[in-house]
Every structure is written in C-alpha cells, then in structure tokens.
Amino acid sequence: MKINAPRGFQDILPAQVWKWQMIEAIARDTAELYHFQEIRTPVVEYSELFHRGVGESSDIVTKETFTFNDRGGESLTLRPEGTAGVVRAAIENNLIAQEGVRAKLFYIAPNFRYERPQKGRLRQHHQFGAEAFGIAEPEQDVECIQLQMDFYRKCGLNELELNINSLGDGPSKQGYRDALVAFLSPKKGQLGEDSQRRLESNPLRILDSKDPRDQEAVAGAPPASGYLSDQSQRHFQRVCQLLDESGIVYRLNPNLVRGFDYYTETLWEVTAGGLGAQNAIGGGGRYDNLVQLLGGRAVPGVGFGSGLERLLIALEAQQVELKKVSQPLVYLISQNDAARQANLGLIRQLRQAGIACEMDPSGRSMKAQLKQADREQATVCLIRGQAELESDSAQLKNLSTGQQQNVSISQLVSALINILKPCK
RNA sequence: GUGGUUGUAGCUCAGUUGGCAGAGCACUAGGUUGUGGUCCUAGGGGUCGCGGGUUCAAAUCCCGUCAGCCACCCCA
C-alpha cells in the first residue's frame, strides 16, 4: 500500500534544497551582521506555553495546534510560531535574567498549524525569525525591521510592501478595543457572519477583514492612533522617523492587526507580489508584556517571523534568479572490468584529496557512462581503458569544450585541481 | 471547519456517443566493439486515485471515499 506524506506536509527534494540552503545562508549572514545569535529550541513545548503566550482566544491556539498527550499524560504541542519558545528558552537559561540585559536571538525553524492547505499555506512551514530582548526604545523596533528588509533585499525580492501600525501599550489597546466595539455594535447587522462572531471574541480583527460588508462598516471607524497614550504615540512617531532616516519605505496602515494576542505598540507586516491570497511574507511587532507573562522579569521584547516557503514562492513569481553554486564534479569512466576495478581505488584517492567524484559501478557501456556524466553536469570525465591501465595514465576530458588530454596517474591530483580551480 | 475544481505512463497532457490505453518529453538499447550533448531506429513502462453500482461492455455514466490545487476562515 502506498503511503503519502501527511496532508499539508511537503518534501523538499534535491532539486529545491539548494535554494533553501541559499536563503538560509543569507538569513544567517544577515542576522549575524546585526549581531543576532542563533538559537535552536525544541519543536514541542508544553501546551500551556502557547496557551499563555500566543493567547487563549487566538485562532491559532483554539483551532490550529497539533496537540497530543505524551505517555505520561502531559499535553504537548508542536510549536505554531517561533516567539513563545524562544522567550521560554531565554527565561529558562537566564539569557534575560535581569532588566537591562540585552539578548538578540534568531532562528530558522519549522512551525506547525493544523489548517487546510492552499497556496502559500502548509501544515508545516519554516520561518526565519529574530527576537530582541531588553530594549524598550523604538530604535530596537527599527533594527528588527531593518534586518528583515535587508534579508529580503539580499534574496533579491523586489515587489514588497511594509505595512506598519501601532495599537499602543496594554491600556491603549484595551481602550481602543472598547471604542471599536461601541462603534461597530449598532452596525452588527451589516457585518459578515464571521465578523459578528468576532465582535465579541476579537473585534480588532474586523479591521483587516476581506469581506466587503465589513470593510464598508469599518470605513468610518475611529483609528487606533486616537487612543494611544502619549508615550505610545511618541514611540510610534520615533519608529516612523527612524524608518524615514534609514530610507525604508513603509505604509501607515491603521487597519493592520495581527493574530497574536501578545503584541503591544508597534506591529508590522510585509506583503509581496505573486503569493496568491496569502500575501503576507513576514510580520512582527513589539511584545513588552510577554516575558513577564511567561514567568520572567518585566523585560521588553520585539521581533519578527518570516515565512521561507512564501519567500521562495515570491522569488519564483517575481522571476528572481538564484545563482546555484555547486562543487565541480569529476566523473570516472571505465572501459572494462579491469579499469572499473582500478577506478574504484582511484576514486577513493581523489575523494580523499578533496575532489568530488562519481562513477557508475554497474558495468554499462562507455556511451551510457558519458551520458550519465553529462546529465549530472560533471565538469571533467576521467576515462580509463586498457591502454591507460598499461601506461599508468588517464584521459581527462573537459565536458564543456570536448578537449581531452592524457595525464599520468602520479600527476593526476594536481592536474585535476588545476583544471577545477577556475570552475569553483 | 466550509466552498469550488482536478485526479490517465517518471513529467505535461489527449482520450469523440460507453466499444482494443494514447502522444510529446524523459528513460533503456542500438546506429558508433574507446567518447556525452544533436540526429535516426527500436524497446520497456499503466490498479485510468480508491471502493461500489448501472451495462453485453466503463478512463468515460451514477453513488461514496481519498488526495492534490485554489478560495473562505486564519496566517508565514
């Protein structure tokens, strides 16, 4: 019986893996350029972490987690997002034990959400994310945004838009929520079914609904900016000013709301062309209450997560060419059994000398071997038959020019290194 | 969880009114007994997603189911 990968889970095959390695390398290089350090946390956490962290009322926790009991009866959950686990690890390992101690961490890791798959949406997806703890100033928000945007720029992504908004600190957010409910309640009948329900559970989300009925009802709603405390207002203005100064183009979007309960103050989302309906490629925000909520000191934090599958989709749609670099390959070809036997020893020597080699041990025709070498994009073929065995030499054939030369075995390694050097 | 749509060779797909399961590409071999890419010739490869039903006869019609894709919800 044939067994497929579970719904919404995807194999990343050799033909694609090099792209992953490339964008992962860009992510690491860029994060380290900003002096963020990599952290790797477990794929599973106690379920309570996400309930408390992401929020009991958020959709992600209520209906999208992979949750199960282990054999001891503990409830575990596959991580649905990156921040909560990093905060837990930072607290547990005393990385942010004291106020004023700064920790800047990044990760590249899979997340799991039980959803119906569609374009740009899977049950396992991967994110590059970064979290900065200990600094409440808007400079830290902007450093995160700069890192994120630099990452996209280095990957070659062109069509993208940064949306930004502020919901203010806790009291500001609550005040705005109440005001919005007061504004929308009389119009409840005009809202879509989903939003009528959200009016109680998560009214802020009605702001960024796609339903035209909701958009019409929301049109005259008061903006969050009117409910920000003085301090929150100053914070947000400073963020915008710093973005201006660093030449980052953004759009103030008063309807931008994000799905995690822990966000306070600044929040942002980057959208990209070519992604279909799920056009968010990454998002982030400040979460000044989260560390304390999860049992740490009152340490502020800010960070982002960026979806790598969606980045690759966007790069493809925008026809961005990633440059593939691979090691030049030498393909050993044997005319007969004796040559094949000799090449088995030779290939080991060449590999130990640091030269990537391949050969076909099955005794097929030379034509078939050459064809295979061509298919695998070998740079050089090393051909040995009866004549070469007797003269202790090998033919080296350059597959792109077709030129061929005879080289003695004693000089083989240096000759190959010479030929391959300009190909790296 | 809801809706739409598509499942035929490794891949992309055709298949008429229900009447022998097809093409292109890819693969293997030969043309060339020591040389790839181009070309020519031949060959291999199928649970027509799966299960049931109608029929003399089903890839084709009906019912169910599973999966992929797309959209809603939500999010990266």
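The paragraphs below lead through a predicted model, beginning with its nonpolar interior and moving on to helices, salt bridges and strands.

The largest nonpolar core of the model holds 45 residues, and those with the most contacts inside it are Phe36, Phe128, Phe151, Ile281, Leu311 and Leu315. Helix H5, which spans residues 138–155, gives the most to this core, contributing eight residues. Apart from this core lies another one, made of 42 residues, among them Ile60, Ile91, Ile96 and Ala217.

Phe36 is a convenient place from which to look around. Leaving aside its neighbours within four places in sequence, Phe36 is in contact with residues that include Ala31, Leu105, Phe106, Ala130 and Ala132, as well as Gln140, Glu143, Cys144 and Leu147. Among these partners, Ala31 is also one of the buried residues of helix H1, whereas Glu143 lies in helix H5.

Helix H1 has 20 residues and reaches 29 Å from its first C-alpha to its last, which is close to the 28 Å expected at 1.5 Å a residue. The buried residues of H1 are Trp18, Lys19, Trp20, Met22, Ile23, Ile26, Ala27, Thr30 and Ala31. An α-helix has 3.6 residues a turn, so residues three or four places apart point the same way. What the buried residues of H1 pack against is a set of four elements, namely strand E5, strand E6 (124–133), helix H5 and helix H11 (308–317). After H1 comes His35, whose phi is positive, near 65 degrees.

Helix H1 also takes part in a salt bridge. The side chains of Glu38 and Arg28 meet with an N to O distance of 2.8 Å. Because Glu38 lies in strand E1 (residues 37–38) and Arg28 in helix H1 (residues 14–33), this pair ties together parts that are 10 residues apart in sequence. Glu38 counts as partly exposed, at 28% relative accessibility, and Arg28 is likewise partly exposed, with a relative accessible area of 24%. Arg40 joins these two residues, and Arg28, Glu38 and Arg40 are linked in a network of salt bridges.

Across the whole structure, the search finds 23 salt bridges. In another of them, the side chains of Glu143 and Arg102 meet at 3.5 Å, N to O. Glu143 lies in helix H5 and Arg102 in the loop between helix H4 (83–92) and strand E5 (103–112), so this pair ties together parts that are 41 residues apart in sequence. Glu143 is buried, with a relative accessible area of 17%, while Arg102 is partly exposed, at 43%. A further salt bridge joins the side chains of Arg258 and Glu269, at 2.7 Å, N to O. Because Arg258 lies in the loop between strand E8 (251–252) and strand E9 (264–272), and Glu269 in strand E9, the pair ties together parts that are 11 residues apart in sequence. Both Arg258 and Glu269 are buried.

Glu269 leads on to Asn163, which is found in strand E7 (residues 160–166). Not counting residues up to four places away in sequence, Asn163 touches Arg251, Asn253, Leu256, Leu267, Trp268, Glu269 and Thr271. Asn163 is buried, with a relative accessible area of 5%. The C-alpha atoms of Asn163 and Leu256 are separated by 7.4 Å, although the two residues are 93 residues apart along the chain.

Gly307, in strand E11 (residues 301–307), offers another contact between distant parts of the sequence. The C-alpha atoms of Gly307 and His125 are separated by 7.1 Å, while the residues themselves are 182 residues apart along the chain. Gly307 is buried, with a relative accessible area of 12%, and, not counting residues up to four places away in sequence, Gly307 touches His126, Gln127 and Ile281. Ile281 was named above among the residues with the most contacts inside the largest nonpolar core.

Further along the chain, helix H12 (residues 337–352) has 16 residues and reaches 23 Å from its first C-alpha to its last, close to the 22 Å expected at 1.5 Å a residue. In H12, Ala339, Arg340, Asn343, Leu346, Ile347 and Leu350 are buried. The cover over these buried residues includes strand E12 (330–334), strand E13 (357–359), strand E14 (380–384), helix H14 (386–391) and helix H15 (412–420).

The last stop is on the surface, where Val43, Val44 and Phe68 form a nonpolar patch with about 200 Å² of accessible area together. Within this patch, Phe68 belongs to strand E3 (residues 67–69) and is partly exposed, with a relative accessible area of 37%.

Notes. Residues numbered from 1 in each chain as written. Chains lettered and ligands numbered in written order. Predicted model: local features only at pLDDT ≥ 70, side-chain atom pairs only at ≥ 80, totals over all residues. Heavy atoms only, no water. Core = buried A, V, L, I, M, F, W, Y, C linked by side-chain atoms within 4.5 Å. Buried < 20%, exposed > 50% of the residue type's maximum accessible area, 1.4 Å probe, protein only. Helix = DSSP H or I, 4+ residues; strand = E, 2+ residues; numbered from the N terminus. Contact = heavy atoms within 4.5 Å. Patch = residues over 30% accessible without salt bridge, like charges linked within 9 Å, V, L, I, M, F, W, Y side chains within 5 Å. Areas by Shrake-Rupley, 256 points an atom, 1.4 Å probe, with all protein chains shown as cover. Salt bridge = Lys/Arg side-chain N within 4 Å of Asp/Glu carboxyl O. Expected span 1.5 Å × (residues − 1).
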